[in-house]
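User: I should like to learn how to read the features of a protein structure. Could you please guide me through one example?

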Amino acid sequence: MADLPGRSTISLDGTWNTIVDPYESGLNSRYFEKARPHAKGDLVEFDFDHSPKLHVPGDWNTQRDSLFFYEGPLWYQRNFSYQKRPHTRAFLYFGAANYLARVWLNGVRVGEHVGGFTPFDFEVTGQLSDGDNSVVVEVDNTRRPEGVPSVRTDWWNYGGLTRSVKLIEVPETFIENYSVHPAKGQLDQIEGWVQLNGAQPAGTVTVEIPELRISQKAQTNRSGRAEFRFPAKVEAWSPERPRLYKLLIASGEDSITGEAGFRTIETRGTQILLNGEPAFLRGINIHEEAPYRGGRAFSEEDARTLLTWAKELGCNFVRLAHYPHNENMVRLADQLGLLVWEEVPVYWDIQWENPATLENAKAQLRDVVRRDQNRASVILWSLSNETPVSPARNAFLKALAEYARNLDPTRLITSASDRFDRSNPQSFLLNDPLGEYLDVLGVNEYVGWYYRKPEDADQIQWKPAYAKPVIVSEFGADALYNLHGDAETRFTEEYQANLYAHQLRMISRIPGLAGIAPWILMDFHSPRRPLPGIQDYFNRKGLVSDRGQRKQAFYLLQKFYRGEAESGPQK
Ligand code: GCB
């Protein structure tokens, strides 16, 4: 189900009891039953009530020093009271849990979920007690070879109930989800669907957009789905004017409210067209890392800080790398007017030949599409990042691209690739075969950092092998805030700024360039970055430090995006 505004919800955020369980004894010892010894001779080797606490939402790594590097199972438990109501169904909803979650309510197993960044829910109407209830969740962030992502990444493997947990109450037949959007390339035609869930799914659905005086009725079919299409005169949503309309959707006992912006997104040759006009994406990459305090970001305040920095930089676009971020980010992007690239964590090498891995990637994609399909800001679904070319990988991503197009034919499909032919030192050929399946080609290149010198960029000409829009989806250099030296000295602000100057000139010469997203807005934790005194387990490619201090390159990119540099972006 979707967590739709206007629902009756009971928040389960707050303090939970926790047991760290590296050997996963809890499964055999039945921690999920929350048993207490009755007689003094009873042997029970756990006690949630007297165990340490953790805050939900939040990763465990940054809440307790001893858990900073912890990867393994950890048990969460909390009590809550509930008053049963007739003709009401209840769902236990998790914004995200990294990576595997098993859930019990009052000792009864209600379900299990795989994947660290997408929401999931279980119906618990039958398991809830009137009065006291106990929910137990085992969360396990062990990295797995068959996982998505697999065992190697360049971000912190934050574990835990990293997003909000709630009980959502709905009528017996309820609106499970909906989509309202302009027809492909037609701003004056609104189409979409409403999906009901319940014993009597046949019924009438009303979709209202009061500001447009639209009230449209549609009938559901036997599986509870109603489809509609109607003409409308809308004011388009755009980064310059992020116009949002109120929505009211009702059916039978249920009604929900929403907000929607209307815009079209297409490609024509090497251009990206937003509302029919060529758009240049002035972007920045963002990890879901909390500004100032570190750890996983989750709050509206975190989202506001990050996206406000992006706006200050002059961006109209953000790439939310490398997995679905929390919903506050996309809701705020809708309001602030930032175009969004969303991604699933198909990152570096994964088990391309494993059908379960493909199913896992599909499920994560499906769940983020279902969550964010009404966000006008989201224009690109990214399938992967820097995956090594092989027949098995090509087939995997082809299948994922087809799946994505089926799920959402209204948006563009992309991927970030670092596979291009650079055997000729002055002419780089963008020829990753994956390009065939995509609408937009993302290119990650680290000229001047992982290979060659920043100045070499002046001599390099890029040649795309496909006549499609190109976004440079990553380039960058580590710099420790306030570390100064000459432009040849690694990790100084001067090195980073000099690299940006050469990069931006080179990138501006790429044929078919439709956007840029440097790596990255803010420094973020990574276990691969130990260099003492410089990295200290941070990837330092941020334009802003983890404490919010702007580095020199921040102002250089800002000038470029504002069109004040000698070679500003195309308008
Ligand atoms: C990349 C990856 C990104 C890394 C970055 C780096 O190519 O896509 O996840 O963090 O480079 O800093 O090396």
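Analyst: Certainly. Please note that this is a predicted model. We may begin with charge: the mean positions of the 65 positive and 74 negative charges of the protein chain are 3 Å apart.

User: Which secondary structure does the protein chain have?

Analyst: One counts helices and strands; here the protein chain has seven helices and 33 strands. Its radius of gyration is 24 Å, close to the 25 Å that the globule rule gives for 571 residues, so the chain is as compact as a globular protein of that length. Along the principal axes, the C-alpha atoms fill a box of roughly 75 × 60 × 45 Å.

User: How much of the protein chain is buried, and what does the chain expose?

Analyst: A residue counts as buried when its relative accessible area is under 20%. By that cut-off, 60% of the 571 residues are buried. The protein chain exposes about 22200 Å², of which carbon and sulfur atoms supply 48%.

User: Which residues have the most contacts inside the largest nonpolar core?

Analyst: A nonpolar core consists of buried residues joined through side-chain atoms within 4.5 Å. The largest one has 86 residues, and Ile284, Val346 and Trp462 have the most contacts inside it. Helix H6, residues 493-508, gives the most to this core, with seven residues. Another core, of 29 residues, lies apart from it and includes Ala90, Val124, Val135 and Leu161.

User: How are contacts distributed along the sequence?

Analyst: One considers contacts between residues at least 6 apart in sequence; in this protein chain, 72% of them join residues at least 24 apart.

Conventions:
Residues numbered from 1 in each chain as written. Predicted model: local features only at pLDDT ≥ 70, side-chain atom pairs only at ≥ 80, totals over all residues. Heavy atoms only, no water. Helix = DSSP H or I, 4+ residues; strand = E, 2+ residues; numbered from the N terminus. Rg over C-alpha atoms; globule rule 2.2 N^0.38 Å. Buried < 20%, exposed > 50% of the residue type's maximum accessible area, 1.4 Å probe, protein only. Contact = heavy atoms within 4.5 Å. Areas by Shrake-Rupley, 256 points an atom, 1.4 Å probe, with all protein chains shown as cover. Lys, Arg positive; Asp, Glu negative; His and termini not counted. Charge placed at Lys NZ, Arg CZ, Asp CG, Glu CD.
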